[in-house]
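Subject: Structure handover

Hi there,

Here is the structure I promised to pass on. Please open it alongside this note, and the findings follow below.

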Amino acid sequence: VFCGVLAAPFLLPVTVPMMSTVLGLPMLLIGFSVMVSRVPWLPERLLNHSLPSTTVRGILQKVRGWAERFEHLVQPRMLGMTGGRAINALNGLLVLIAVVLLMAPLPLVPFVNSIPALAIMLLCFGMAERDGLIIALGYLTTLISTVYVGGLIFLVFYVGLRHEQALEMLRAWWASV
């Protein structure tokens with residue numbers, strides 16, 4: 001659930017520079033831990049740190065309405081996709097892939113962070129609630145984000161290798177406008 005919460009800010013259309021790196025590293029650790037069926041490693045300082053109860057209550061009150069609206073949608077089903085060593089390895093691998101895509105250095109491109117963040121949230125909340133249907137939607141969203149972000153990365157490298165041709169195409173396009 002913590003990994004899903006870390007992915008939530010990326011659903012907003014505007015991201016803060018370096019936010020994907022700062023929030024992506026803990027998500028990578030969590031995804032790797034899921035993949036190897038271990039409890040996620042977190043620094044001792046973070047594990048021993050407690051939050052004031054007023055802070056926790058305030059956060060829970062803000063999230064309560066949102067959670068109540070979606071509570072009826074998430075339920076234990078398709079349990080074959082939620083447990084077992086092999087399926088945990090696959091789910092963890094997909095979380096890792098989505099986090100790496102989320103961390104791709106492609107600023108100012110629409111949905112470049114939002115689609116992988118949605119995939120991470122679906123996978124994480126599906127695993128937490130043992131909902132195989134939500135996990136399947138996470139698989140689909142991971143595939144979509146892989147095609148989208150991977151295609152953009154390919155285009156960046158292609159243009160980088162053939163920058164003269166790309167500049168000439170831009171000049172021709174600009175002249176026609």
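Leaving aside its neighbours within four places in sequence, which residues is S145 in contact with? I will come to that after a word on the model.

This is a predicted model, in which local features need pLDDT of at least 70 and side-chain atom pairs count only at pLDDT 80 or more, while totals for chains, interfaces and linings use all residues. Residues are numbered from 1 along each chain as its sequence is written, and side-chain values use heavy atoms, with hydrogens and water left out.

Back to the question: S145 is in contact with L101, I115, P116 and G150, where contact means heavy atoms within 4.5 Å. S145 is found in helix α7. (Helices are DSSP runs of H or I with at least four residues, strands are runs of E with at least two, and both are numbered from the N terminus.) At 0% relative accessibility, S145 counts as buried; buried means under 20% relative accessible area, exposed means over 50%, and partly exposed is in between, using a 1.4 Å probe and protein chains only.

Its partner L101 lies in helix α5 and is buried too, with a relative accessible area of 10%. Along the chain L101 and S145 are 44 residues apart, yet 7.4 Å separates their C-alpha atoms. Outside its neighbours within four places in sequence, L101 is in contact with V112, P116, T142, S145, T146, V149 and G150.

The overall picture

The protein has 8 helices and 0 strands. Of its 177 residues, 30% are buried. Among contacts with a separation of 6 or more, 71% are between residues 24 or more positions apart. The accessible surface comes to about 11,900 Å², and carbon and sulfur atoms hold 73% of that; areas come from the Shrake-Rupley method with a 1.4 Å probe, and for residues only the protein chains shown count as cover.

Two helices to look at

Helix α6 is mostly covered, with 12 of its 16 residues buried. Among the buried ones are S114, I115, P116, I120 and L123. The end C-alpha atoms of α6 are 22 Å apart, which agrees with the 22 Å expected at 1.5 Å a residue; the expected span is 1.5 Å times one less than the number of residues. After α6 comes R130, whose phi is positive, near 55°.

Helix α8 (residues 163–176) lies largely in the open, because the number buried among its 14 residues is 1. From first C-alpha to last, α8 reaches 20 Å, close to the 20 Å expected.

The inside

The largest nonpolar core has 24 residues, and those with the most contacts inside it are C3, F10, M27, V95, I120, L123 and Y139. Here a nonpolar core is a set of buried Ala, Val, Leu, Ile, Met, Phe, Trp, Tyr and Cys residues joined through side-chain atoms within 4.5 Å. Helices α1 (2–7), α2 (19–35), α5, α6 and α7 each supply at least two residues of this core, and the largest share, 7 residues, comes from α6. Apart from this core lies another, of 5 residues, among them L101, A104, V112 and V149. As for L123, its contacts beyond four places in sequence are L94, V95, I135, G138, Y139 and T142.

The salt bridges

How many salt bridges does a search of the whole structure find? There are 2, a salt bridge being a side-chain nitrogen of Lys or Arg within 4 Å of a carboxyl oxygen of Asp or Glu.

One joins the side chains of D131 and R77 (2.8 Å, N to O). D131 lies in the loop between α6 (114–129) and α7 (132–161) and R77 in the loop between α4 (53–70) and α5 (85–102), so the pair ties together parts that are 54 residues apart in sequence. D131 is buried, at a relative accessible area of 0%, whereas R77 is partly exposed at 24%.

The other joins E168 and R171 (3.7 Å, N to O). These two are 3 residues apart in helix α8, so about one helical turn separates them. E168 is partly exposed at 47%, and R171 is exposed at 52%.

Happy browsing, and write back with any questions!
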